[in-house]
Amino acid sequence: GLDFRRNLRILLKCKMETPVQSFIEEHCVDFIGENCNTDNHKSIHKRFTKLIDKLMQTLLGEIGINQK
């Protein structure tokens, strides 16, 4: 119900916001004034998706949901 969704939002915010925000702040300068299809951008995007995957796996494991 409502409590589960609220608690899940809080958990998501606590577990994901800081690492995601830190990654964005670290790499935002790389996207100023350049073509967004460079190898550097693709590399950053790949690292970002790996970060999100890792965070989601950790979060789901903590609430008892496995990947299968």
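Select Asp3 and Arg6 to begin: in this predicted model, their side chains meet in a salt bridge, with 3.0 Å from N to O. Side chains of opposite charge can pair when their charged atoms come close. A search of the whole structure finds 1 salt bridge. Both Asp3 and Arg6 belong to helix H1, where they are 3 residues apart, about one turn of the helix. Colour Arg6 by accessibility next. Is Arg6 buried or exposed? Arg6 falls between the two and counts as partly exposed, because its relative accessibility is 42%.

**Along helix H1**

Extend the selection to residues 2-27, which form helix H1. This helix has 26 residues, and from its first C-alpha to its last it reaches 36 Å, close to the 38 Å expected at 1.5 Å a residue. Where does H1 bend? Centre the view on Met16: the helix bends there by about 40°. A proline, Pro19, follows within four residues of Met16.

Now display the side chains of Met16, Val20, Phe23 and His27, which are buried in H1. Helix H2 is among the elements that cover these buried residues.

Stop at His27, which has its place in helix H1. Its relative accessibility is 7%, and residues under 20% count as buried, so His27 is buried. Which residues does His27 contact, leaving aside its neighbours within four places in sequence? Show Ile44 and Arg47, for these are in contact with His27.

**Across to helix H2**

Select residues 39-62 to bring up helix H2, a run of 24 residues. From its first C-alpha to its last, H2 reaches 35 Å, close to the 34 Å expected at 1.5 Å a residue. Add the side chains of His41, Ile44, Leu51, Leu55 and Leu59, the buried residues of H2. Turn helix H1 on again, since what covers the buried residues of H2 includes H1.

Begin within H2 at His41, whose place is in this helix. With a relative accessible area of 2%, His41 is buried. Display Thr38 as well: a polar contact of 2.9 Å joins its side chain to that of His41.

**The aromatic pair**

Select Phe23 and Phe48 next. The structure holds 1 aromatic pair. The ring centres of Phe23 and Phe48 are 5.4 Å apart and the planes stand at 45°, so this pair is tilted. Phe23 lies in helix H1 and Phe48 in helix H2, so the pair ties together parts that are 25 residues apart in sequence. A pair of aromatic rings is described by the distance of the centres and the angle of the planes.

Compare the accessibility of the two partners. Phe23 has a relative accessible area of 13% and is buried. Phe48, with a relative accessible area of 25%, is partly exposed.

**Leu51 and its contacts**

Move on to Leu51, which also has its place in helix H2. Leu51 counts as buried, at 19% relative accessibility. This value falls under the 20% limit for buried residues, which is why the label applies. Which residues does Leu51 touch, not counting those up to four places away in sequence? Show Pro19, Val20 and Phe23, which Leu51 touches. Of these, Val20 and Phe23 are among the buried residues of H1, and Pro19 is the proline that follows the bend at Met16.

Use the distance tool on the C-alpha atoms of Leu51 and Val29. These atoms are separated by 19 Å, and the two residues are 22 residues apart along the chain.

**Last stop**

Finally, select Gly64, just after helix H2. What is the phi of Gly64? Gly64 takes a positive phi of about 85°.

Conventions. Residues numbered from 1 in each chain as written. Predicted model: local features only at pLDDT ≥ 70, side-chain atom pairs only at ≥ 80, totals over all residues. Heavy atoms only, no water. Helix = DSSP H or I, 4+ residues; strand = E, 2+ residues; numbered from the N terminus. Expected span 1.5 Å × (residues − 1). Buried < 20%, exposed > 50% of the residue type's maximum accessible area, 1.4 Å probe, protein only. Contact = heavy atoms within 4.5 Å. Bend = angle between axes of the 7 residues up to and from the residue. Salt bridge = Lys/Arg side-chain N within 4 Å of Asp/Glu carboxyl O. Phe/Tyr/Trp six-rings, centres within 6.5 Å; stacked < 30°, edge-to-face > 60°. Polar contact = N/O pair within 3.5 Å; in protein donor to acceptor, adjacent residues only side chain to side chain.
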